[in-house]
Structures are given as structure tokens and as C-alpha cells.
Amino acid sequence: MAATKNHDYHILPPDPWPIIGSFSAFALFGGLVMWMHDNPYGKFVGFAGLAMVLVTMFSWWSNTVKEANEGHHTPVVSLHLRYGMILFIASEVMFFVAWFWAFFAAALFPAPVEWVDGAAQPIADAATAATWPMHGIEVLDPFGFPLLNTLILLCSGTTVTWAHHALIHGDRDGLKKGLWCTILLGLLFTAIQAYEYIHAPFAFKGNIYGATFFMATGFHGFHVIVGTIFLAVCLVRTYKGDFTPKQHFGFEAAAWYWHFVDVVWLFLFVSIYIWGGWGAPMHG
């Protein structure tokens with residue numbers, strides 16, 4: 001028969017979510033640009049776009065889960081899903097490369113100014129001008145909360161691996177416990193970082209150290225929140241009976257993403273917290 005499927009690929013039926021997602025992303029981006037330029041409708045357009053992006057994500061991924069449960073994710077399809085996740089993580093790596101680049105460029109070639117009451121003042125002394133962070137800025141103690149958060153993320157990497165191995169060996173109880181531990185550790189990391197930000201001795205604006213610090217660590221914190229949500233969805237799916245020892249790419253993708261977040265934090269901790277603040281006065 002002409003309609004008989006004789007291949008391992010999954011030919012998707014017509015779906016409205018790609019085009020809806022495209023217009024939603026355009027509305028989100030356009031709304032943010034309008035908002036930043038004080039357009040009175042920018043906030044409305046931006047939030048409407050964000051709402052539609054979230055609806056698109058939920059609906060599109062729900063369809064993907066449904067297709068997996070119906071048996072459409074053959075080994076070939078699963079392999080291509082893995083390729084997609086690998087490319088996504090690779091793009092995320094390059095995203096963070098940009099923030100590391102900005103931080104090291106400012107650190108290795110600092111501007112000859114110091115900050116006094118939020119205003120830049122030129123420094124005549126060449127030795128002082130070459131210091132990083134800039135003269136007059138206190139930094140966070142890397143062996144306080146940053147070290148604690150490092151240990152928390154390392155522990156979360158072991159708990160998500162525990163959950164993965166439990167799933168592979170058919171231990172549903174171990175899978176649930178491992179996911180719960182990882183999610184709670186992720187929430188603890190976020191709470192500690194929020195406390196650290198509130199009590200930071202420098203601001204986001206007014207100096208390049210604060211700007212590069214908050215952009216690099218802040219985007220990492222955002223990725224921790226996204227990864228926590230990712231794992232929470234996996235936990236809900238676990239309670240619903242999804243995932244088998246042989247078919248669990250949704251969980252595997254979440255685990256990959258979480259390990260990526262762990263590795264990025266290690267680079268942030270060593271380069272920005274330890275190396276970036278070396279020799280500078282520490283807060284508290």
C-alpha cells in the first residue's frame with residue numbers, strides 16, 4: 001500500500017505551533033524593544049508575547065511527549081532529538097563565552113578610572129589604573145556563599161546522576177528521590193544567590209566590574225531556574241508513569257542541561273569569584 005510506513009522517521013502532521021511560536025517570539029522581542037524606548041504599548045506587547053511563548057512551549061512539548069508515548073520516537077528519531085539537544089547546549093556554551101569574554105577583556109585591559117560616589121574619576125597613577133577590580137570596589141568573598149553554592153551544585157550533579165541510574169535500573173522510588181533532592185538543591189542555590197545579590201557591595205550599573213559580574217552570574221542563575229523547572233516537569237511526568245529504562249530522553253535532556261549548568265558554574269567560580277577578585281578588598 002502507498003500509505004504503508006516503511007521507514008524509521010516520524011513525519012509530523014500539520015501543526016500550528018511553529019508559526020504561532022514565531023509570531024510570539026517576535027511580539028516578545030518587539031515589545032521589549034518598545035518598552036526600553038518608553039513606548040506606552042511596549043509593556044503590553046512584551047507580556048502578551050511572553051504569555052504566548054509560554055503557551056507555545058507547553059503545547060508543543062506536550063505534543064512531543066504524546067508522540068513519544070504513542071511510540072513514534074524510534075531509535076532514529078531519538079538520535080535526532082539528541083543531536084538537537086547537543087546543538088542547543090553548544091549554543092548555550094557560546095552564549096556564556098560572550099560574558100566570559102567581556103569579563104576578561106575588562107579585567108585584562110581595565111580603564112584608567114576609579115569610581116567615587118557612582119562617578120568615574122581618572123587615575124593618574126599607572127599602577128593603580130591597571131588594577132582589577134577597579135580601585136575603590138569591594139568584592140564578594142569567594143570562600144563564603146560562592147563556595148557553598150559550588151558545593152550545592154556539585155551535590156546536585158550527583159543526585160541527578162543517582163536519579164538517572166535509578167531509572168536505568170527500573171528503580172522508580174530512587175528516581176523520585178533523586179529528582180526531589182536535585183530540585184531542592186537547585187532552589188537552595190537560587191535562594192543563596194538572591195541573598196548574595198541583595199548584599200553585594202557593588203551595583204550593576206556604574207562600573208564595568210559590577211556589570212560583567214551580574215550579567216555572567218545572573219544569566220547562570222536564570223539557567224539554574226530553567227533547569228530546576230525542567231527537572232520539576234520530569235518529576236511530574238515520573239509520578240504520571242512516564243519514562244522507561246529504555247526510553248527516557250526527556251529526563252536525559254534535563255540531566256544533560258543540569259550538568260552543563262554545573263560546569264559553567266565551576267568556570268564562573270574560579271575565573272570571576274576567585275581570579276577576578278584576587279587581591280581586592282573583600283566585603284564583610
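At 45% relative accessibility, D173 counts as partly exposed in this predicted model. The side chain of D173 meets that of K177 in a salt bridge, with 3.2 Å between N and O. K177 is likewise partly exposed, at 44% relative accessibility. Both residues belong to helix α6 (residues 172–198), and because they are four residues apart there, about one helical turn separates them. An α-helix has 3.6 residues a turn, so residues three or four places apart point the same way.

Helix α6 itself is a good place to start getting to know the structure. At 1.5 Å a residue, its 27 residues should span 39 Å, and the end C-alpha atoms are indeed 39 Å apart, so the two values agree. The helix also has a buried set of residues, namely G174, L175, G178, L179, T182, I183, L185, G186, F189, I192, Q193 and E196. These buried residues pack against α5, α7 and α8.

L179 leads on to the interior of the protein. Together with F213 and F251, L179 has the most contacts inside the largest nonpolar core, which has 47 residues. Two or more residues of this core come from each of α3, α5 (145–168), α6, α7 and α8. Helix α8 gives the most, with 16 residues. For F251, the contacts beyond its neighbours within four places in sequence are V160, A163, H164, L167, L175, L179, C234 and F243.

Several of these names return around T238, a residue of helix α7 (residues 208–239). T238 has a relative accessibility of 2%, and therefore counts as buried. A polar atom of the T238 side chain lies 2.7 Å from the backbone oxygen of C234. Once neighbours within four places in sequence are set aside, T238 is in contact with R172, L175, K176, L179 and F243. L175 and L179 are among the buried residues of α6, and both are also in contact with F251.

How many salt bridges does the structure hold? There are three, and the pair in α6 described above, K177 and D173, is one of them. Another joins the side chains of E252 and R82, at 2.5 Å from N to O. E252 lies in helix α8 (residues 249–275) and R82 in helix α3 (residues 75–108), so this pair ties together parts that are 170 residues apart in sequence. Here E252 is buried, at 12% relative accessibility, whereas R82 is partly exposed, at 24%. D242 and R237 also form a salt bridge, and their closest N and O atoms are 3.0 Å apart. Both of these residues are buried.

Stepping back to the whole chain, the model has eight helices and two strands. Along the sequence, the elements follow the pattern α-α-α-β-β-α-α-α-α-α. The protein chain has 284 residues, of which 38% count as buried. Among contacts between residues at least 6 apart in sequence, 73% join residues at least 24 apart. The accessible surface comes to about 16,300 Å², and carbon and sulfur atoms account for 73% of this area.

Definitions and conventions:
Residues are numbered from 1 along each chain as its sequence is written. This is a predicted model: local features need pLDDT of at least 70, side-chain atom pairs count only at pLDDT 80 or more; totals for chains, interfaces and linings use all residues. Side-chain values use heavy atoms; hydrogens and water are left out. Buried means under 20% relative accessible area, exposed over 50%, partly exposed in between (1.4 Å probe, protein chains only). A polar contact is a pair of N or O atoms within 3.5 Å; within protein, one must be able to donate a hydrogen and the other to accept it, and residues adjacent in sequence count only if both atoms are side-chain atoms. Contact means heavy atoms within 4.5 Å. A salt bridge is a side-chain nitrogen of Lys or Arg within 4 Å of a carboxyl oxygen of Asp or Glu. A nonpolar core is a set of buried Ala, Val, Leu, Ile, Met, Phe, Trp, Tyr and Cys residues joined through side-chain atoms within 4.5 Å. The expected span of a helix is 1.5 Å times one less than its number of residues. Accessible areas come from the Shrake-Rupley method with a 1.4 Å probe; for residues, only the protein chains shown count as cover.
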